[in-house]
Amino acid sequence: MESSEDFAARMNTVLVHACTSMSISVGYEVGLFDLLAGMKEPKTSQEIADAGDLKERYVREWLGAMVCAKIVELDSTGEKYYLPPSRAQALTTDGPLADAVLEGLLLPTLGGEVYSRVRECFKKDGPRGVSQDHYSDTHRVIGQMTKGFHENLCIPGVVYTYPELRDKLEKGIIVLDIGCGQGVSTITHAKTFPNSTFYGVDFLEESLKPGKEKADNLGLKNVKFLAYDAAKLPEDWDEKFDYVFMHDALHDQAYPDKVLREVYRVLSPGGIYLALEPKSYTKVKDNLEKLEGIAILYTLSLMHCMPTSLFFEGGMGLGAAWGREKAVEMITEAGLEVDQAALNEKGIGQHFYCKKPSGETARKIQKV
């Protein structure tokens, strides 16, 4: 058994990593990693600060944290700093391994007021949850996090694994992107498949503004962004869409069962539903035994996904770690057929490739 001393040492390590993640987030956001990666030789803290138009004293303190965390290195003089190229790949804005760091950027956005509000939710007489209105900075970071996935992995790593879906999109179909946020996924799909028409829907009008602006700047004519509650889509959308897509959005819904019924309603017979979700199992025991680093997902879920769902009266609060088994159960109960539940490209999350039955089968399910 682990001794009290060993446990205390492990808790100290946890604290060190938590503090380091805060410094990493600051460095990423103010561009210090990009600066260091672009420097061909070690530089002093003053030279680094000047290059980024930053205050030297803050830069120096940050560099101290990064050196002691063994992320940034000192040269032989002990006065100049550099970032090894192998580490830059995971720390720079466009680094091919940046996904390893981006999730950590969420943590600072969940502090302060959000932290206090979630803490109050624990109390029996406390609030049900926390409104999305308090997560504007979190939504901005989520947009950064998902940008690389949608632009580089989603279509080749998920969509293209299904030739039937790829063919439909290339020929031209009507697509609904539910929970599109800032519209990164909608725009990426619209650029790749110009013959198809895309509707990006999100609960918050404010979230849609960046997507609308980018679509206008790109001159995309096959994109529409609309603010709707996914649990109550327009009545005249019956069987309107050939393909419905959701990325990390189903578990966030207050009423995912209602959303899935709406997905069924707006899908044409034989239409495809693709839901991308975090990789998890429904039972904590399975997550503990089968997945590494799953504690991060539970924490992010506790601070964002769960309270924003529970904020609404009767919200289910599934959380990000609701798991594959529960997802398949709920999707099936809505009348959709799950053709495949699989890991995404590089194991980043999992997806559910589903279809709405056609013909007599669909009508029977709809009546039930």
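Two strands are taken as paired if DSSP finds at least two bridges between them. In this predicted model, strand β3 (residues 174–178) and strand β4 meet that criterion, with 5 bridges joining them. The two strands run parallel. Isoleucine 174 of β3 stands opposite threonine 197 in β4. Valine 175 has phenylalanine 198 of β4 as its bridge partner.

Strand β4 (residues 197–202) also pairs with strand β5 (residues 223–227). Here too 5 bridges are found, and the strands run parallel. Phenylalanine 198 stands opposite valine 223 in β5. Phenylalanine 198 thus appears in both pairings, with valine 175 in one and valine 223 in the other. On the β3 side there is a further partner. β3 and β6 pair in the parallel sense over 4 bridges. In that pairing, isoleucine 178 is matched with methionine 246 of β6.

The connections between these strands were examined next. β3, helix α11 (residues 184–192) and β4 make a right-handed β-α-β unit. From β4 the chain crosses through helix α12 (residues 205–218) to β5. This β-α-β crossover is right-handed as well.

A record places these elements in context. The UniProt annotation "domain: Methyltransferase", from an unreviewed entry, covers residues 170–289. Over residues 170–289 the chain is 35% helix and 28% strand. The C-alpha atoms at the two ends of this stretch are 41 Å apart.

Burial was then assessed element by element. Of the 6 residues of β4, 5 are buried, so the strand is largely enclosed by the rest of the structure. β3 is mostly covered, with 4 of its 5 residues buried. Helix α11 follows the pattern of enclosure: 7 of its 9 residues are buried, so the rest of the structure largely surrounds it. The buried residues of α11 are Val184, Ser185, Thr186, Ile187, Thr188, His189 and Ala190. They pack against α9 (136–157), β3, β4, α12, β5 and β6.

Tryptophan 237 lies in the loop between β5 and β6 (241–247). Buried means under 20% relative accessible area. Tryptophan 237 has 6% relative accessibility, so it counts as buried. Leaving out residues up to four places away in sequence, tryptophan 237 touches Leu176, Tyr199, Val201, Leu226, Tyr228, Arg265 and Val266. The C-alpha atoms of tryptophan 237 and aspartate 34 are separated by 46 Å. These two residues are 203 residues apart along the chain.

Nonpolar packing was examined over the whole model. The largest nonpolar core has 33 residues. Those with the most contacts inside this core are Phe33, Ile48, Trp62, Leu63 and Val72. Leucine 63 touches Leu36, Ser45, Ile48, Val72 and Tyr81, again without residues up to four places away in sequence. A second, separate core holds 30 residues. Tyr199, Val201, Phe241 and Val263 are among them.

Aromatic contacts complete the picture. A search of the whole structure finds 10 aromatic pairs. A pair of aromatic rings is described by the distance of the centres and the angle of the planes. For tyrosine 160 and phenylalanine 193, the ring centres are 6.3 Å apart and the planes stand at 85°, so the pair is edge-to-face. Tyrosine 160 lies in the loop between α9 and α10 (163–171), and phenylalanine 193 in the loop between α11 and β4, so the pair ties together parts that are 33 residues apart in sequence. The two partners were also compared for accessibility. Tyrosine 160 is partly exposed, with a relative accessible area of 27%. Phenylalanine 193 counts as buried, at 1% relative accessibility.

Tyrosine 243 and phenylalanine 245 form a tilted pair, 6.3 Å centre to centre with 55° between the planes. Both tyrosine 243 and phenylalanine 245 are buried. Ring pairs also link Tyr199, Tyr228, Trp237 and Phe241 into a cluster. Within this cluster, Tyr199 and Phe241 belong to the second core. Tyr199 and Tyr228 are also among the residues that tryptophan 237 touches.

Methods
Residues are numbered from 1 along each chain as its sequence is written. This is a predicted model: local features need pLDDT of at least 70, side-chain atom pairs count only at pLDDT 80 or more; totals for chains, interfaces and linings use all residues. Side-chain values use heavy atoms; hydrogens and water are left out. Buried means under 20% relative accessible area, exposed over 50%, partly exposed in between (1.4 Å probe, protein chains only). A crossover is right-handed if, with the strands pointing away from the viewer, the path from the first strand over the helix to the second runs clockwise. UniProt positions are given in the numbering used here, feature names are shortened, and annotations may be inferred rather than shown by experiment. Contact means heavy atoms within 4.5 Å. A nonpolar core is a set of buried Ala, Val, Leu, Ile, Met, Phe, Trp, Tyr and Cys residues joined through side-chain atoms within 4.5 Å. Rings of Phe, Tyr and Trp (its six-membered ring) pair if their centres lie within 6.5 Å; planes under 30 degrees apart count as stacked, over 60 as edge-to-face and the rest as tilted.
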